[in-house]
Amino acid sequence: MNHLMPPEAPLDMPIQNLRQLYKDADAPGILTAKKTCVWRFAVFAPSFAAMIGLILLMWHWFKVDQISALEVFLILIISFSFFWISLTVFTTLMGIYSFVQRRQDSPATCERALHVALLITVYNEKPWYVLGNVIAMLERLNKSHHIHEFDLFILSDTRDERIAQQEVRSIHALRNDSLPNLFYRRRTKNTCNKVGNIADWVRRWGAHYPAMIILDADSLMTSDAIVRLTDELASDPSVGLIQSFPRLIGAQTIFAWAQQFSNGVFGTVFAEGLSCWAGQEANYWGHNAIIRTQAFAACAGLPSLHRWFGETNQILSHDFVEASLLRRAGWGIRFMNRISGSYEETPSTLIDYIKRDRRWCFGNLQHLRLLHSSGLHPISRFHLFHGAMGYLLSTLWLLLLVMWALIGDNQEQSVLAYFSPINPLIPTWPEMTDGRPVLFLLLMYATLLAPKLLGVMSLPLMGLNYRRMGGVGRIIFLLLCEIFLSLLYVPILMVQHVIAIIRSFLGYHKGWEPQTRLYKQYSLVSLMTFHACESVIGILLSFGIIIGFVTPWLIPIALSLTFSVLLSYFSGISLPKHMDQSMCGTGFFIDQDIIHTAHCYRAQLRDYLENGVVSPTDLPNYP
C-alpha cells in the first residue's frame with residue numbers, strides 16, 4: 001500500500017533518558033513571564049490558605065481533651081481534599097476575572113507557510129465513522145483561503161481484517177483528484193499502540209512536515225481552528241506544542257448530555273482560568289493540538305517503565321509526559337482555550353465512561369513514578385501529580401465514607417456522629433448544638449457547587465445572552481438537572497475509581513481497546529455484573545441506616561450505590577428528539593454546519609461500505 005503514502009522522509013526520534021537532563025539545541029529556551037507568576041500566586045496561595053484554614057478550624061473543633069492520631073489523619077485527609085476543590089474554585093474565579101478584563105486573544109499575523117500533517121490514529125474503528133469527519137475537515141480546508149498546505153494521514157493499527165479491508169476500500173474510493181492530500185498506512189504490528197503509531201510516522205515521514213496536528217478518531221475541527229493553530233505555531237518560534245480546548249459534541253443520551261453541558265458551560269470559564277496560570281507550561285491532552293515535529297522527535301521519545309521481576313510497561317497516558325519532556329528541553333507549551341471549532345465526542349453511557357476512565361487511571365498512576373524525572377519544570381510535575389490525584393482522591397473519600405459508616409452510631413446528635421462515646425480510645429465529635437458541623441458540611445457542598453454556579457453566571461461574559469439560550473428559567477432548570485445527575489453518579493464513580501486503582505496496582509490492564517463510539521444499551525446481566533461492587537456497598541449502607549448503626553446523612557450515597565444498576569441503565573436513555581444542541585446549553589459554542597456535514601458523510605459512507613448503496617463520489621457537495 002505504498003501508493004497510499006507519500007515518499008518517506010526519515011527523522012530521527014531517540015528515546016529519552018528520564019534520569020538525565022536534556023536541552024534541545026534548537027529550542028530557544030523560555031522564561032516564565034512575571035504576569036504568569038502573578039496568576040499562579042493568585043490561584044495557589046488562596047487554595048493553600050483555604051486548606052490551612054480548614055486544618056486549624058477542624059483542629060479546634062476536634063480538640064476535646066487531646067488530639068488523637070486518628071483525628072489528625074482524618075483532618076489531613078479532609079483538608080488535603082479541600083485543597084483540590086479550592087483550586088478548581090479559584091481557577092474558575094480567575095477565568096471570570098479574565099473575561100471581565102476582556103483579555104484579548106488576537107489572531108497571530110502569519111507570513112510563514114507551513115506544511116502540516118493531520119494525523120488520525122485508528123484501532124478497529126468503524127471506517128465510515130472516522131472518515132465522515134475526515135471528509136468534512138478536508139472539504140473545508142481545501143476550500144478555505146490560507147497560505148499553508150495540509151495533508152491528512154489515517155494511521156491504522158487495526159487488527160480486524162474485515163475492518164482493515166473496509167479502510168483500504170474507503171481510502172481508494174476517496175483518493176481521487178479532489179482529495180489528493182488524503183493518505184493511509186496500516187502497520188503490520190501495533191507496537192506501543194498509539195505512541196508507537198505516531199513515532200513510526202515521525203521516523204518515516206516526519207522530516208517532510210514542520211508541524212503535525214494530532215487528532216483522535218472522534219475529533220472534528222473546523223478549517224478556521226486548524227489554520228488558527230497553524231498560524232500561532234508558525235508565528236511563535238518558542239512554542240513546541242499548542243493545545244486547543246475541545247468542546248464535547250454528539251450527546252445522544254442523558255449521561256452524555258450532562259457531560260456536554262458541564263464542558264460547555266462550566267468548563268469554558270475554568271479553561272479560561274487555566275490558560276491564565278498555565279502560561280508556557282500548559283499541558284497536552286493527546287489530541288486536537290498542533291506540535292512542532294522536529295521538537296517532538298528530538299525531545300519526546302518515550303522510554304518503557306520497569307515493573308517488578310524485570311517486566312516493562314509502556315507509558316499509557318503519554319500526552320502529559322510528552323508535554324513535560326518538550327518543556328524540559330526548552331520548548332513552550334501553550335493552551336489556547338479561545339480557539340473555537342475544536343470538538344470531540346464523549347461516551348454515551350456510564351459503563352462506557354468508566355471503561356475509558358480505567359485506561360486513563362492506569363496511565364495517570366504511572367505519572368507518580370515519573371515525578372522524580374530530571375529537569376522537569378515544577379508546573380509540569382504538578383500536571384503529572386494532578387492527573388494521578390484525580391483518581392487517588394476517590395480513595396480518600398471512600399475511606400472517609402467507610403469510617404463514617406462502620407464506626408458510627410446514632411446516639412450522638414451530630415452530623416459527624418460516627419465515634420462511639422463508650423470507647424475511650426475513640427474520640428467524641430463536636431456537638432451539633434453549636435452548629436459548627438452543619439456549617440462545615442455547608443462549606444464543603446458550597447465549594448463543590450461554586451464552579452457550576454460561577455460558570456452559569458459568567459455566560460454573559462462569554463458573549464452569550466440568556467434569552468438566546470431559552471431564558472434564565474431554562475438555564476436554571478438545566479443547571480439543576482446537571483447537579484442532580486452529578487449527585488446521583490458521583491458515588492458510583494467514586495467506587496469505580498477505587499476499583500480502577502486496585503486493578504492498576506495489580507497490573508490488570510487489557511491494553512489498547514477501541515472506545516465505544518456508537519450508542520448502545522447494555523443488557524441487565526451486564527449491568528448487574530459491572531456494578532456488583534457498588535450494589536453490595538449500597539445495600540450494606542442502607543441496612544446500617546435502617547438498623548440505626550449508620551448516620552442517616554449517608555442516605556443519598558446509599559441510595560445511589562444501591563440503585564447503581566438502575567442508574568446505569570438510566571444513563572443510556574436517549575435524549576428527547578426536541579432536545580437539540582441549544583437545549584443542551586452549548587449550541588452557541590458549536591459550528592453546527594460542520595457537524596451536520598460530518599454526520600451526512602458518515603451515513604452515506606456507511607451505506608457504501610456495508611450495503612453498497614452509494615458511492616462516496618456521488619455524495620452531495622463532494623469536494
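This is a guided tour of a predicted model, going from its sheet to the helices beside it and ending at one histidine.

**The sheet as a whole**

Begin by selecting the strands of the open sheet, of which there are 7, arranged in the order β3-β2-β1-β4-β8-β6-β11 with mixed pairing. At its edges you will find β3, residues 182–186, and β11, residues 332–336, each of which pairs on one side only. If you look along the sheet, neighbouring strands are turned against each other by 20° on average, with direction ignored. As background for the steps that follow, strands of a sheet pair through backbone hydrogen bonds, and they may do so in the parallel or the antiparallel sense.

**Strand β1**

Select next residues 115–122, which make up β1, and colour them by burial. The strand is mostly covered, with 8 of its 8 residues buried. His115, Ala117, Leu119 and Thr121 lie on one side, while Val116, Leu118, Ile120 and Val122 lie on the other, and both faces are covered. Towards β2, which covers residues 149–156, the pairing is parallel and consists of 8 bridges; to see one position along it, display leucine 119, which stands opposite phenylalanine 153 in β2. Towards β4 the pairing is again in the parallel sense, over 5 bridges. Two places to inspect here are alanine 117, whose bridge partner in β4 is methionine 212, and isoleucine 120, whose bridge partner in β4 is leucine 215.

**Strand β4 and its other neighbour**

Move on to β4, residues 211–215. Because 5 of its 5 residues are buried, this strand is largely enclosed by the rest of the structure. With side chains shown, Ala211, Ile213 and Leu215 point one way, Met212 and Ile214 point the other way, and all are buried. The strand β8, residues 289–292, is joined to β4 by 4 bridges, and these two strands run antiparallel. Isoleucine 213 is a convenient residue to select at this pairing, since it stands opposite isoleucine 290 in β8.

**Out to β11**

Select β6, residues 239–244, together with β11, and you will see them pair in the parallel sense over 5 bridges. Within this pair, isoleucine 242 stands opposite arginine 334 in β11.

**Helix α3 and leucine 138**

Return to β1 and add α3 and β2 to the selection, as these elements together make a right-handed β-α-β unit. The helix α3, residues 127–143, has 17 residues and reaches 24 Å from its first C-alpha to its last, close to the 24 Å expected at 1.5 Å a residue. It is mostly covered, with 14 of its 17 residues buried. Now pick out leucine 138, which lies in this helix and counts as buried because its relative accessibility is 1%, below the 20% cut-off. Leaving aside residues up to four places away in sequence, leucine 138 touches Leu152, Leu179, Asn181 and Leu182. A distance label between the C-alpha atoms of leucine 138 and leucine 152, which are 14 residues apart along the chain, should read 7.9 Å.

**Helix α6**

Select residues 223–235, the 13 residues of α6, which span 18 Å from the first C-alpha to the last, close to the 18 Å expected at 1.5 Å a residue. The helix is largely enclosed by the rest of the structure, because 11 of the 13 residues are buried; among them are Ile226, Val227, Leu229, Thr230, Asp231 and Leu233. Turn the view so that the sheet lies behind the helix, and you will find that α6 lies across β1, β2, β4, β6, β8 and β11, running at about 155° to β6.

**Last stop: histidine 148**

Finally, centre the view on histidine 148, located in the loop between α3 and β2. With a relative accessibility of 6%, this residue counts as buried. Which residues does histidine 148 touch, not counting those up to four places away in sequence? They are Cys110, Arg112, Ala113, Leu114, Val227, Thr230 and Asp231, and of these, Val227, Thr230 and Asp231 are among the buried residues of α6. To finish, show the backbone of leucine 114, whose nitrogen lies 3.0 Å from a polar atom of the side chain of histidine 148.

Conventions:
Residues numbered from 1 in each chain as written. Predicted model: local features only at pLDDT ≥ 70, side-chain atom pairs only at ≥ 80, totals over all residues. Heavy atoms only, no water. Buried < 20%, exposed > 50% of the residue type's maximum accessible area, 1.4 Å probe, protein only. Polar contact = N/O pair within 3.5 Å; in protein donor to acceptor, adjacent residues only side chain to side chain. Contact = heavy atoms within 4.5 Å. Expected span 1.5 Å × (residues − 1). Pairing = 2+ DSSP bridges. Axes fitted to C-alpha atoms, helices over the stretch in contact; angles between N-to-C directions. Right-handed = clockwise from strand over helix to strand, strands pointing away.
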